[in-house]
Each structure stands twice: as structure tokens, then as C-alpha cells.
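Got your viewer open and a hand on the mouse? Let's take a walk through this structure, one selection at a time.

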Amino acid sequence: MWSPPATISLFLLLLLLGQTPPCRPQSLGTKKLRLVGPGSRPEEGRLEVLHQGQWGTVCDDDFALQEATVACRQLGFESALTWAHSAKYGQGEGPIWLDNVRCMGTENSLDQCASNGWGVSDCSHSEDVGVVCHPQRQRGYFSERVSNALGPQGQRLEEVRLKPILASAKRHSPVTEGAVEVRYEGHWRQVCDQSWTMNNSRVVCGMLGFPSQVPVNSLYYRKIWNLKMKDPKSRLKGLTSKNSFWIHRVDCLGTEPHLANCQVQVAPRRGKLQPACPGGMHAVVSCVAGPRFRSPKVKPWRKESRAEELKVRLRSGAQVGEGRVEVLVNRQWGTVCDHRWNLISASVLCRQLGFGSAREALFGAQLGQGLGPIHLSEVHCRGYEQTLSDCLALEGSQNGCQHENDAAVRCNIPDMGFQNQVRLAGGRSAEEGVVEVQVEVNGVLRWGTVCSDHWGLTEAMVACRQLGLGFANFAIKDTWYWQGTPEAREVVMSGVRCSGTELALQQCQKHGPVHCSHGTGRFSAGVSCTNSAPDLVMNAQLVQETAYLEDRPLSLLYCAHEENCLSQSADHMDWPYGHRRLLRFSSQIYNLGRADFRPKTGRHSWIWHQCHRHYHSIEVFTHYDLLTLNGSKVAEGHKASFCLEDTNCPTGLQRRYACANFGEQGVTVGCWDTYRHDIDCQWVDITDVGPGDYIFQVVVNPTNEVAESDFSNNMMRCRCKYDGQRVWLHNCHTGDSYRANAELSLEQEQRLRNNLI
């Protein structure tokens, strides 16, 4: 019969007596762990623990699978596969915090296990333990952030910036070249250039939002440095003699998402007895901005492959540089599974898109679920790949991934200064108010308002993104109830028209001389912003499967005629004799966003339709059109929101909206609203259409009346063949499912919807 070891028996006895076992840390579950080492896989490495503001290692004495399991669970993984002894992942530095760790396997964190106590060890770093965790994340473990691996505030390398030295660099926005400065213990320090490498530059540039780096003219900067050191009026010589001015040494692999993940030596090993940067100068870095952040005058450092650029995109992000990851495979867009998704792979993606390194890799469809195929799973990048397609990966269908596992990312982006050129005033909260912008008027920077002529949801989206507040909830044209800043009441921007991809209102088209038909005051533009928004997508497959023709007698179409659901030629028929030929189909509209889809107006504004005896909460909810192959419209229909409700929801999700008894209308996140083929107006009247090949098009929320996180997937198109008696729909897909270009401007989409081709 097996008997428990004496240590475990003593542990259980003390628990029964209500006493704390000896040699056990008192703060339960509060310590941070991390895995470090030469490998790039997030689930394995040398085990380190943060205690008293300093990272240290764990000795391999008594360490086994149950201790590794506790550590892996604390790190957010499902379990441990194995552990590694004798510093397999390299020898660490600093203290050996834990030795003879003994866990029962049920603890929530490693510091709840028994041990010799903090810092009590007879080990050397040649005995540092490593662990290998199962790559599957725990449910509820939502992301891998840069900050997860850093120490407490004030005791780490917190921020990095470039201090421009040359006059040309000072005029440049964003700043791409200058001396590296690091914030450490609340103070800015410069980094010694001795042993500085391009790998270090790559990490710094990535943190600042730049995808790549180029060498600098070191001889020229050394000449400037020497001149300053000889200048008697310069304080530089006195400052550089102090070790507190310097970060002594940085050594990066180039794949790290943050400088603090590199080997950093703040001061020489001998401390104050040895100068921190003898004979050296500050490290200088030159970064290359991505296409979206590059001045039109600046030419790219290397020729970029347009074809590669277009094979990845981000969707449904509230800010620039964030969103659900989608890749183009076999001309079809699909998502990436979050299994093994980490900061290194996410950084490859971010750089490919023209951003810097990743600051957060998100799991569990936190930025919305996609539709269509899941192309990739278990993506494994080493960090130097040019594109995500260069990394090792499995097909998404190989390990049972669902769209609830869709991966997302938040990338570092350059500081363009745009956020300081816009503000909101007078609102009830920080997310709403009159839009005030800073522009140059006669050579002087001035704050003022924006004329509300042509102000719409697209312009409001750009304003909210510029403010860092996410999506626009409402674009407001009449703001008399909000008092703006008294000195900024004059209109300084008018005729604003945005495509939707701009980083700031100042980049949108606008009038030269300001001209506002309403003048100043109550008609200044305003916004209401939100961090989450709905996203409606039509089920293209259902439309394709349910389409058919019906010759419907006019005697059954009085209500539909009253609601303008028939072609104009129906007005001239001999009612109630005759019939109309209808192309009927079912439509199922999913809400894949992160907020419920609600009508713009409240119930007091809904319109009662006596004939069908229901309320319309949105007067035009969808457009149904039949187009020739060159885009000319030959038949049309429109669908008011017959009843905006949760027809079906996935298991475990409660239906919240129903139209019965004048109920609340809307579509809950994750649910769908179905309009069956046999209800009125669920058709296109093709009575006057001759046989031929056509395009069948459906547009949801066609006037962008309600804000969404992504309008590019609101259009669905099918190829349609009609022989005069039968109809076939095929190749049905949402508007952005097969498109090669990553971004089609909202203006271009509007032209397509209105057939202005």
C-alpha cells in the first residue's frame, strides 16, 4: 500500500489544524511567471518568477510534472507536457528564488506550493528548471500581452522614444530617426552605442510602430557628438560621466516584442567603479515607416511586393492597427485559429501590414467571429519572416477549430500627433460632444468646429478613431444642446468627405476656403463614440439554396404594393387581375460584432403599417437588386425591418429581442434574424426582366443608418441565370469574401450599391 511522503503528511496535518505550513510564501497567487530562453515558442522555456520587483529562476531539485502543471496553468495553458532540468533553456541571471518546490497539483499558482522559502537555495544557475506546456490555452485566458512579461511599474524599461538630432529629423512626423532614450525607474536614460546591433534597432523600431529599420551614418553622428563634447557651453560632457545617464548594454535577438524582453544591463557589473559608456556615445536608430504613415514625399527604402501586402488584413478593430486576423488563400478570405497564436507570430503579421511589432495577441474571437473558412492553425513564426505565409502552420480544419477561436491582434503604430489635433467638448461623457479640430489659419494654429454639411457616419468614424475612442455610434448634425469651448466656436473646416480609411479628419477631402451654409453655432458637427459595435453579415449560402420563382396573383399583393415592394409597372396593371413574377428567397442576417444591433430611433419613432399590422423600426433595412453584368440595375426591391428580432441564437445564448406585443427590436451579438421566403416583400419583382445572365445583389443597412464595426461585408452578390421560366443562383458570397484588395473605400462601395459605375 502506498503511503504519502512525510512532507505531504505534515502539510495535510497542518492544514487540518488550521495552521500554515512552514517555508511557504504568504501572498497567494500574486506572483508573475514567465517562460524565457532561446526558443520562440510561448509554451516552453526557462521558468522565471517575479518577486520583490526582480525576476529570478527556479531550481530543478524535486521539480516534477505536477509542479510543471501548476506553473503552466498559472501561465494560462491547459496543462504541462514535461519539464526540463539542468538549464536546458539556458542559464538565467539574478537570484534563484525557489528551491525544492513541492506541489500537490491542485494549487492555483506556484507560490501556493511548499518550498525552502524565497531566496533559500543551494543551487547554481546550471540547475535552472524549464517547462513545456500544452499549447492549448485555458478558457478565459484571453491574450498574450507585452506587459505580461514585464516587471512592476518603476522597476523596468517602460517606454522607448527617439530624440531627433538632425534638423530634418525634427521636422519629420512621425519621428523616424534619432538617439534612443529609455524610461527606467521613472527617468529617461540614453543607451550606450557600444555593442549596439541592428537587431536592437529592429526591436526599438517595432515598439515605436515601424516595420523595419535601416543603418545610420555612424561617422556623421560621431562627428556631431564630438563637437558637442568639446563645446564648453554644452552640459553633455558632465552628464555622460554619470552612470545614471546611461543604459550600459542591450542585447536583442531582433524578434522580441519589447526591449525589456532583451538581455539588458543597466549598469556595468562593477557598478559605480566602472564608467557605463567609456568612449562611446548614444545609440542612434533610423526606422522606416509603413505606407499608411509615410509622407508622400518619402520613397520606400525597398521595393514592396503589392501581392504579398494583400494576403492579410485586419477586420472589426476599434483602432488603427488592431482587428481579427484574416488571410487570403485560394482567392478566399478566411480566419486564423488561436491555437499557439503568440506575440512573435502576431508581430510578423503586424510588420507585414506596415505596423510595428505586436503589443497584444488575442484569443477567443475577442474582436468578433469571422465567417467562411478557417485557413490556418498553430501558426509558428520564428520572428524574421517577411510574411505570415512564410511561417509554419497547419490547415485550420485539421484540429477542430471553430470561429469562436478566431485570433486577433493589436499592433504598435507610430505617434503621428493626430490625437492632439481633435477634441470633444460639451458632451455628457468623454465619448460624445461637439467635434473641435486644430487647423492652420493664415499661418497660425487655431481650434474651431466642423461644419455639419455632408457630415455622416463615415466622417464620424474617422473622428472617433482619431480620438482613440473606437467606432462612431452617431453622427450628429444639430448640436445646440452641447456647449463647445467658447474660444473655438468659429467654423474652421467645411465640406468634409472621408473615405473611411483616413487616420485623421485633416486627411479627408474638404473645402479650401471655409463655406458653411448653416453658419456657426447649433449646426456644428458632433459625434457619439463607442468601443464596440455590431457587425451584420448575410448568410450567402442560404440565399443560394432557397431562391425560386413565383407567379403571384395581384389579388394577394395589395399590401406589398402599398409598401412599394413591386416594380413601377405594377401601377399600370388592371388590379386585381394578372400576376407578378417574383424572385423569392430566404435571408438570414448574423450579428458577428461585439454589440447588439439596435434601431437608430426609439419606439416612439417607429412607423405603424396598418396593412401588415406591424411596426417598422428601420424604414429601409435591406436593398434587393438585379443588375446586368456591367452593373446597370434592371429590377429592385427593398425590405423595411419587418420585425428586427432574434429568430435564433446558439445554444447557451438567450434571445433578447422579439417583436410580439410591441417588444424591443434588435439582433443580439451571436444571434441571427431570419426572413423566410414566404413573407411579403422578401423578393425582387422581375416581371419586366428578360432572360439572360445577371448579378443578384443584397445590401444590408444600405444607408449606413446604424453604426457597424465593418461595412465592407454588408453587400452580398450572386451570379444569376434566368431563362424566362427558371432561375439559378450560384457563387453567392459576401462583398469582401473573394476580393483581392484588402481595403475598398466606403465611397467606392457606395458607387457600386447605387450603380454609378
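Before clicking anything, keep in mind that this is a predicted model. We start with the aromatic rings: there are 13 aromatic pairs to find.

**Stop 1: a ring pair**

Select F585 and Y624. Their rings sit edge-to-face, 4.9 Å centre to centre and with 80° between the planes. F585 is in the loop between strand 31 (579-584) and strand 32 (587-591), while Y624 is in strand 35, so this pair ties together parts that are 39 residues apart in sequence. Are these two buried or exposed? Both F585 and Y624 are buried.

If you'd like another aromatic group, pick W225, F245 and W246, which form one cluster.

**Stop 2: strand 39 and its neighbours**

Stay with Y624 for a moment, and look across to V698, its bridge partner in strand 39. Now colour all of strand 39, residues 692-700. Seven of its nine residues are buried, so this strand is mostly covered.

Which strands pair with strand 39? On one hand there is strand 35 (residues 622-627), antiparallel to strand 39 over six bridges. On the other hand there is strand 40 (residues 715-722), which also pairs with strand 39 in the antiparallel sense, over eight bridges. To see where strands 39 and 40 meet, select G692 and find Y722 of strand 40 opposite.

**Stop 3: cysteines around strand 40**

Next, show the cysteines. A disulfide is a covalent bond between the sulfur atoms of two cysteines. How many disulfides does the structure hold? There are 15.

Since we're at strand 40 already, begin with C718, which is joined to C732 by a disulfide with an S to S distance of 2.0 Å. The link of C718 and C732 is right-handed, with 115° about the S-S bond. C718 sits in strand 40 and C732 in strand 41 (residues 727-734), 14 residues apart. C718 has a relative accessible area of 1%, so it counts as buried. C732 comes in at 11% relative accessibility, and therefore counts as buried too.

Now click on C720. This cysteine is in no disulfide, and the nearest cysteine sulfur, that of C718, is 8.2 Å away. With 3% relative accessibility, C720 is buried because the cut-off is under 20%.

**Stop 4: two more disulfides**

Jump to C192 and C277. Their sulfur atoms are 2.0 Å apart and form a disulfide. The torsion about this S-S bond, between C192 and C277, is about 70°, so the link is right-handed. C192 lies in the loop between strand 10 (187-191) and helix 4 (198-207), and C277 in the loop between strand 14 (263-265) and strand 15 (284-288), so the disulfide ties together parts that are 85 residues apart in sequence. Both C192 and C277 are buried.

Then try C498 and C508, another disulfide, whose sulfur atoms are 2.1 Å apart. The torsion about the S-S bond of C498 and C508 is about 100°, so this disulfide is right-handed. Both cysteines, C498 and C508, lie in the loop between strand 27 (491-493) and strand 28 (526-530), ten residues apart. C498 and C508 are also buried.

**Stop 5: a covered helix**

Go to helix 9, residues 457-467. How many of its eleven residues are buried? The count is eleven of eleven. Among the buried residues of helix 9 are E459, R465 and Q466, along with L457, M461 and L467. Just after helix 9, click on G468, which takes a positive phi of about 80°.

**Stop 6: the nonpolar cores**

In soluble globular proteins, nonpolar side chains tend to be buried together. Here, the largest nonpolar core has 55 residues, and those with the most contacts inside it are V180, L259, W341, L388 and V409. Helix 8 (residues 343-352) gives the most to this core, with five residues. The core draws at least three residues from each of domain 2 (147-288) and domain 3 (312-412).

Zoom in on V180 and show what it touches: leaving out residues up to four places away in sequence, the contacts of V180 include V160, L162, W196, V204 and V285. R161, R189 and Q190 are also among the residues V180 touches.

For the last selection, choose A540, F621, I686 and Y694. They belong to a second, separate core of 31 residues. Y694 also falls within residues 692-700, the span of strand 39, which brings you back to an earlier stop.

How values were computed: Residues are numbered from 1 along each chain as its sequence is written. Side-chain values use heavy atoms; hydrogens and water are left out. Buried means under 20% relative accessible area, exposed over 50%, partly exposed in between (1.4 Å probe, protein chains only). Helices (H or I, at least four residues) and strands (E, at least two) are DSSP runs, numbered from the N terminus. Two strands pair if DSSP finds at least two bridges between them. A disulfide is a pair of cysteine sulfur atoms within 2.5 Å. A nonpolar core is a set of buried Ala, Val, Leu, Ile, Met, Phe, Trp, Tyr and Cys residues joined through side-chain atoms within 4.5 Å. Domain bounds come from an automatic or database domain assignment. Contact means heavy atoms within 4.5 Å. Rings of Phe, Tyr and Trp (its six-membered ring) pair if their centres lie within 6.5 Å; planes under 30 degrees apart count as stacked, over 60 as edge-to-face and the rest as tilted.
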